[in-house]
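Colleague: Hi! Could you walk me through this fold while I have it open on my screen?

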Amino acid sequence: MSGAQFDIIMIPGGPTASYKLVDPSLIEFLKKQGPNAKHILTICTGSWILAGTGLLNGKRATTNKSYYNRVVEDTKDMNIQWVPKARWVVNDDKQIWTSSGVTAGQDLGGAFLEFLAGKELADIFRNMLELSRKDEEDDEFAAVYGLA
């Protein structure tokens with residue numbers, strides 16, 4: 001697998017998901033794989049990990065709202081446009097998709113499935129999972145954390 005290029009990479013987050021705290025081999029893997037991956041998806045503070053690769057430089061992104069200020073401060077020199085009110089963010093080239101919290105990752109997953117396979121199939125899966133559709137800006141947690 002060492003020479004394999006992955007089309008889709010998903011980076012989960014968590015309370016210790018800073019690029020400074022993860023195993024450096026993960027950052028190196030993402031630096032090698034990321035530029036040629038078709039899509040990179042981050043969930044929660046997974047975007048904080050991705051920030052450490054430089055792949056978010058010049059891009060829009062979001063992260064978990066309870067960690068938002070910490071992530072923004074830690075990456076202030078990286079030219080990342082952090083979006084404070086967003087369930088998820090997708091960049092214009094559709095390569096990098098970031099979500100705020102864990103459940104926002106489900107919303108991102110639904111939007112990503114819709115992008116890949118169409119609205120009809122995405123709605124079938126949402127209905128099977130009993131997952132309400134939330135769009136990018138449907139983010140009540142930005143207000144909870146004083147970000148909007």
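Modeller: Happy to; we can go through the sheet, then a helix, then a single residue.

Modeller: Keep in mind that this is a predicted model.

Colleague: Good to know. What is the strand order in the open sheet?

Modeller: The order is S1-S2-S6-S5, which makes an open sheet of 4 strands with mixed pairing. S1 and S5 are at the edges with a single partner strand each, so one side of each has no neighbour in the sheet. On average, neighbouring strands of this sheet are turned by 10° against each other, direction ignored.

Colleague: Mixed, okay. Which strands run parallel and which antiparallel?

Modeller: S1 (residues 8-11) and S2 (residues 39-42) run parallel, joined by 4 bridges. S2 and S6 also pair in the parallel sense, over 3 bridges. S5 and S6 run antiparallel, with 3 bridges between them.

Colleague: Can you give me some residue pairs to click on? What is the bridge partner of Ile8 in S2, for a start?

Modeller: For Ile8, look at His39 in S2. Ile11 has Thr42 as its bridge partner in S2, and Thr42 in turn is partnered with Thr98 in S6. On the antiparallel side, Trp88 has Ser99 of S6 as its bridge partner.

Colleague: Back to S1. Which of its side chains are buried?

Modeller: Ile9 and Ile11, which point to one face. Ile8 and Met10 point to the other face and are not buried. In a regular strand, side chains alternate between the two faces of the sheet.

Colleague: And S2, where do its side chains point?

Modeller: His39 and Leu41 point one way, Ile40 and Thr42 the other way, and all of them are buried.

Colleague: What sort of unit do S1, H1 and S2 make?

Modeller: A β-α-β unit, and a right-handed one, with H1 covering residues 24-33.

Colleague: Let's switch to H4. How many residues does it have?

Modeller: H4 has 16 residues, 102-117. From first C-alpha to last it reaches 22 Å, close to the 22 Å expected at 1.5 Å a residue.

Colleague: Which of its residues are buried, and what do they pack against?

Modeller: The buried ones are Ala104, Gly105, Asp107, Leu108, Gly110, Ala111 and Phe112. The buried residues of H4 pack against S1, S2, S5 (88-90), S6 (96-99) and helix H5 (119-129).

Colleague: What comes right after H4?

Modeller: Gly118 follows H4, and its phi is positive, near 100°.

Colleague: Then at what angle do H4 and H5 pack?

Modeller: At about 145°, with their axes 7 Å apart. From H4, the contact is made by Gly110, Ala111, Leu113, Glu114 and Ala117, and from H5 by Lys119, Leu121, Ala122, Phe125 and Arg126. H4 passes H5 in a right-handed crossing.

Colleague: One last thing, I have Asn69 highlighted. Where is Asn69 found?

Modeller: Asn69 is in helix H3, which covers residues 68-74.

Colleague: Buried or exposed, and why does Asn69 count that way?

Modeller: Exposed, because Asn69 has 53% relative accessibility and the cut-off for exposed is over 50%.

Colleague: And how are Asn69 and Tyr145 separated?

Modeller: Their C-alpha atoms are separated by 9.4 Å, while Asn69 and Tyr145 are 76 residues apart along the chain.

Colleague: Great, thanks for the tour!

Conventions: Residues are numbered from 1 along each chain as its sequence is written. This is a predicted model: local features need pLDDT of at least 70, side-chain atom pairs count only at pLDDT 80 or more; totals for chains, interfaces and linings use all residues. Side-chain values use heavy atoms; hydrogens and water are left out. Buried means under 20% relative accessible area, exposed over 50%, partly exposed in between (1.4 Å probe, protein chains only). Helices (H or I, at least four residues) and strands (E, at least two) are DSSP runs, numbered from the N terminus. Two strands pair if DSSP finds at least two bridges between them. A crossover is right-handed if, with the strands pointing away from the viewer, the path from the first strand over the helix to the second runs clockwise. The expected span of a helix is 1.5 Å times one less than its number of residues. Contact means heavy atoms within 4.5 Å. Axes are lines fitted to C-alpha atoms, for helices over the stretch in contact, and angles run from 0 to 180 degrees between N-to-C directions. A crossing is left-handed if the near helix is turned anticlockwise from the far one by less than a right angle, and right-handed if clockwise.
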